[in-house]
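Work through the exercises below with the sequence and the 3D view side by side, and try each task before reading its solution.

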Amino acid sequence: MPELRNVVIIGSGPAGLTAAIYTARADLAPLMIEGEPSSTSDQPGGQLMLTTEVENFPGFPDGIMGPELMGNFRAQAERFGADILTARVTKVDLSERPFRIWTGDPGAEQPTYLARSVVIATGASSLMLGLESEARLLGHGLSTCATCDGFFFRDQDIVVVGGGDSALEEALFLSRFGRTVTVVHRRKELRASKIMQDRAFANDKLTFLWDTVVDDILGSDRVEGVRLRNVLTDEVQDRAAAGVFVAIGHRPNTDLFVGQLPLKDNGYLITEGSTSRTAVEGVFACGDVQDDWYRQAITAAGSGCMAAIDAERWLEAQGH
Ligand code: NAP
């Protein structure tokens with residue numbers, strides 16, 4: 001018979017770990033299934049594991065390295081008795097209670113765990129260009145978050161890849177710091193909204209390279225530039241840059257829940273009003289998997305706390 005848990009938390013970024021800290025301190029003996037190591041952002045500890053210095057997480061006036069911060073979250077959750085399992089959830093069945101959760105073979109008849117409540121904190125992955133150099137340079141001049149890392153590129157040359165609202169928002173933010181900001185877009189028309197385009201075109205620091213793709217990011221242990229290719233002429237040129245920001249969109253990690261929980265048109269989980277409640281009673285969602293707007297470690301942690309409190313109160317109301 002699979003083990004029955006009060007709370008199973010799926011995902012282990014700032015949201016999942018904060019939910020683990022709070023539910024553990026509430027004596028709910030949570031199990032957090034943290035995922036498995038991979039080279040992308042959907043890995044244990046979430047996107048901060050791929051970041052170097054974090055300077056905007058309150059409480060660390062001198063900044064802290066992303067992996068160290070997540071190590072602290074984890075130690076705090078374990079100190080209060082949260083169980084952490086390194087495994088990937090391969091299937092969930094939220095159609096009846098207790099909820100059923102599989103790790104390993106999703107075709108197995110028996111689930112691995114039963115859960116009275118579930119906290120979903122599977123996060124979102126930044127879309128990447130698919131270059132080998134990205135794995136090497138992420139956190140070393142290559143970033144997917146201007147709010148997090150823009151500050152490090154004061155008076156330097158910066159490249160932003162993408163043509164949507166995110167790319168222009170990142171480029172505009174980065175123009176406060178960089179010496180130059182070059183937006184590299186694969187077509188001649190931007191996908192971004194008119195208002196963002198107007199702002200971007202009015203900004204003196206921004207220049208645009210149209211019909212251009214990034215074939216490689218240059219530098220062995222720090223970004224030194226990009227290799228660009230014009231898709232119309234096939235002309236290749238190297239361009240020096242200290243910072244490269246890839247802003248080609250995000251993908252929420254919701255594959256497990258398709259058909260079981262309602263999703264927004266853009267794939268993010270829907271939560272009710274300002275709570276962490278999903279459409280299924282007893283199932284709560286927090287962090288980037290349900291946040292297509294703020295996407296910060298601190299907001300993810302805050303919403304993990306909300307999900308823990310929502311789960312705790314719901315379990316209590318159920319008499320557990
Ligand atoms: P998006 O709208 O999907 O734009 C992605 C951009 O990246 C597109 O220009 C796309 O090029 C380009 N791209 C995709 N894959 C690429 C690749 N492999 N190589 C090179 N370029 C690639 O994503 P987003 O900008 O993250 O925006 C997502 C949603 O959030 C949108 O609805 C947006 O309006 C919203 N948003 C709003 C704001 C705001 O209002 N301030 C800010 C951020 C996001 P193509 O154009 O050629 O497809």
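**Exercise 1: A residue in a helix**

Task: Find the helix that holds Q197, and decide whether Q197 is buried or exposed.

Solution. Begin with the position along the chain: Q197 sits in helix α6, which covers residues 194-201. Keep in mind throughout that the model is a predicted one. Next, take the relative accessibility of Q197, which is 18%, and set it beside the cut-off: buried means under 20%. Q197 therefore counts as buried. Finally, look at the surroundings: when residues up to four places away in sequence are not counted, Q197 touches L168, L190 and A192.

**Exercise 2: The helix that packs beside α6**

Task: Describe how α5 and α6 pack, stating the angle and the distance between their axes, and then say which residues meet.

Solution. The first step is the geometry: helix α5, residues 165-174, packs with α6 at an angle of about 30°, and the two axes are 10 Å apart. Angles under 35 degrees count as roughly parallel, and α5 and α6 are therefore roughly parallel to each other. The crossing in which α5 passes α6 is left-handed. In the second step, list the partners: from α5 come D165, L168, E169 and L172, and they meet M196, Q197, R199 and A200 of α6. Sorted by class, this contact has four nonpolar, one polar and three charged residues.

A third step asks how far α5 is covered. Seven of the ten residues of α5 are buried, so that the helix is mostly covered, and these seven are A167, L168, E170, A171, L172, F173 and L174. The buried residues of α5 pack against several elements, including α6, the strand β11 (157-161) and the strand β12 (180-184).

**Exercise 3: Two partners of α1**

Task: Set out how α1 packs with α2 and how α1 packs with α7, giving the handedness of each crossing.

Solution. Start with α1 and α2, which cover residues 14-25 and residues 66-79: they pack at an angle of about 25°, with axes 8 Å apart. That angle makes α1 roughly parallel to α2, and their crossing is left-handed. On the side of α1 the contact is made by P14, L17, T18, A20, I21 and A24, and on the side of α2 by M70, F73, R74, Q76 and A77. By class, this contact has eight nonpolar, two polar and one charged residues.

Now turn to α1 and α7, which pack at an angle of about 40° with their axes 7 Å apart. Here α1 passes α7 in a right-handed crossing. The residues of α1 that take part are P14, A15, T18, A19, Y22 and T23, and they meet A297, A300, A301, G304, C305, A308 and I309 of α7. The classes in this contact are ten nonpolar, three polar and no charged residues.

**Exercise 4: The nonpolar cores**

Task: Name the residues that touch the most other members of the largest nonpolar core, and find the element that gives the largest share of this core.

Solution. A general tendency helps to set the scene: in soluble globular proteins, nonpolar side chains tend to be buried together. In this model the largest nonpolar core has 32 residues, of which I9, L69, F73 and V119 touch the most other members. The elements that give two or more residues to this core are β1 (3-10), α1, α2 and α7 (297-317), and the largest share, eight residues, comes from α7. To follow one member, select V119 and look for its contacts beyond four places in sequence, among them V7, I9, A19, F284 and A307. Another core lies apart from this one and has 22 residues, including L168, M196, F208 and A242.

**Exercise 5: Backbone details in loops**

Task: Locate the cis peptide bond, and then state where A29 and D155 lie.

Solution. The cis peptide bond joins R97 and P98, with omega about -5°, and P98 is in the loop between β6 (89-93) and β7 (99-103). A29, although not a glycine, has a positive phi of about 45°, and A29 lies in the loop between α1 and β2 (31-33). D155 also has a positive phi, near 60°, and D155 lies in the loop between α4 and β11. As a last step, compare each accessibility with the classes: A29, at 42%, counts as partly exposed, whereas D155, at 58%, is exposed.

How values were computed: Residues numbered from 1 in each chain as written. Predicted model: local features only at pLDDT ≥ 70, side-chain atom pairs only at ≥ 80, totals over all residues. Heavy atoms only, no water. Axes fitted to C-alpha atoms, helices over the stretch in contact; angles between N-to-C directions. Helix = DSSP H or I, 4+ residues; strand = E, 2+ residues; numbered from the N terminus. Parallel < 35°, antiparallel > 145°, perpendicular 65-115°, else oblique. Left-handed = near helix turned anticlockwise from the far one by under 90°. Contact = heavy atoms within 4.5 Å. Nonpolar A, V, L, I, M, F, W, Y, C, P; charged D, E, K, R; others polar. Buried < 20%, exposed > 50% of the residue type's maximum accessible area, 1.4 Å probe, protein only. Core = buried A, V, L, I, M, F, W, Y, C linked by side-chain atoms within 4.5 Å.
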